[in-house]
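Opening the notebook on this one. I want to look at the aromatic rings and then at surface charge.

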Amino acid sequence: MSSAQPALRRYQGFMADSARWERFTFRPDDVVITTPSKCGTTWMQTIVGMLLLDRIDLGAPISTISPWLDMLIRSDDEVFDILNHQSHRRFIKTHTPLDGIPRHPSVTYIAVARHPLDGALSNRDHGLNMQEDRAMDLRVAASGPAGPELSDREEPPDDPADFLRWFIDNHEPPCGSGPHGLADYCQQILTYWHARKEPNVHLFHYAGMWADLDAQMRRVAAALGVRVDETRWPQFVEAAGLPSMRARADNTAPEAHMGLWQSPQKFFRAGGTRDWASLLSRDDIAHFDERLSELAGEAAGWATTGRIA
């Protein structure tokens, strides 16, 4: 598929390099799922996979069906081979913002956001659960060692409250596997917000999925052009719930089959609204609200609650 494309922004870090998207050959009916990290990526992948494949058990680890395309623990050849050999409609994961992904009018783009402080605490848990030595070994084997300019990032504080304050105020540059700070998060979700009126770009929010999974899954089905079979639909909704996904974590947690996690079950540790309000003072929360409004502008309401004008 070829069409004139605007210049893409490159996002590059230890874990991902969005330049891989420019070497990827799209099919007209591809689905791209793009989210900030820990904002419902795996959840949306599972929902999309069940709907496109018309089954509640995808039959294999999620990352072998819907790989994170620009993740550097696999080579170009490995990722492209997985996707090139698929005969079904493909659904592809990324944490790259929309301005770093080629845009085609027939490709479906699904973006998911989450309250940034909920995502921040889940990202903290995510880092604590990761087998860092294993991630390093996989990265080096697939893509070579990261240069110091990519791996030399500011270390966040250990204390969860201090971590949140750091997240709110730091200026870590976007690298395609974050967000590592509120500025990073807002830059990403604004690329979704500005594209929200495009007919092939569909915005979802973690809070909406948590509050009414049935309704949001119907929205996903409509975005994909998939007919809902009402007689089987309750089974699909149940299978997409957190308890079911946690129970099948060896297949539903991304890269679990590659030994990336201390516990695949802990990948689905909590979900929902996290306890950031108990960790921050009133002044901290007021500062967060002010900074979010400054960085996200008219998208601030969607970022926190999922409201879309």
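Before counting, I fix what a pair is: rings of Phe, Tyr and Trp (its six-membered ring) pair if their centres lie within 6.5 Å. I also keep in mind that I'm working on a predicted model.

Entry 1, aromatic pairs. I searched the whole structure and got 11 aromatic pairs. I looked up Trp21 with Phe24: this pair is edge-to-face, 5.9 Å centre to centre, with 85° between the planes. Trp21 and Phe24 are both buried. I then asked which residues make up one aromatic cluster, and found Trp21 and Phe24 together with Phe26 and Phe80.

Entry 2, Trp43 and Trp210. These two form another edge-to-face pair, at 6.2 Å centre to centre and 80° between the planes. I checked where they sit: Trp43 is in helix 1 (residues 41-53) and Trp210 in helix 9 (residues 206-211). The pair links distant parts of the chain, 167 residues apart. Buried or partly exposed, I wondered about Trp43? Trp43 has 11% relative accessibility, so I log it as buried, the cut-off being under 20%. Trp210 comes out at 43% relative accessibility, so I log Trp210 as partly exposed.

Entry 3, surface charge. I found a negative surface patch formed by Glu132, Asp133, Asp137, Glu154, Glu155, Asp158 and Asp159. I picked Glu154 for a follow-up and asked where it lies. Glu154 is in the loop between helix 6 (148-151) and helix 7 (160-169). Its relative accessible area is 43%, so Glu154 goes down as partly exposed. Patch residues need over 30%, and Glu154 has its 43%.

Key: Residues are numbered from 1 along each chain as its sequence is written. This is a predicted model: local features need pLDDT of at least 70, side-chain atom pairs count only at pLDDT 80 or more; totals for chains, interfaces and linings use all residues. Side-chain values use heavy atoms; hydrogens and water are left out. Patches are made of residues with over 30% relative accessible area and no salt bridge: like charges are joined within 9 Å, nonpolar side chains (Val, Leu, Ile, Met, Phe, Trp, Tyr) within 5 Å. Accessible areas come from the Shrake-Rupley method with a 1.4 Å probe; for residues, only the protein chains shown count as cover. A salt bridge is a side-chain nitrogen of Lys or Arg within 4 Å of a carboxyl oxygen of Asp or Glu. Lys and Arg count as positive and Asp and Glu as negative; His and the chain ends are not counted. The place of a charge is taken as NZ of Lys, CZ of Arg, CG of Asp or CD of Glu. Helices (H or I, at least four residues) and strands (E, at least two) are DSSP runs, numbered from the N terminus. Buried means under 20% relative accessible area, exposed over 50%, partly exposed in between (1.4 Å probe, protein chains only). Rings of Phe, Tyr and Trp (its six-membered ring) pair if their centres lie within 6.5 Å; planes under 30 degrees apart count as stacked, over 60 as edge-to-face and the rest as tilted.
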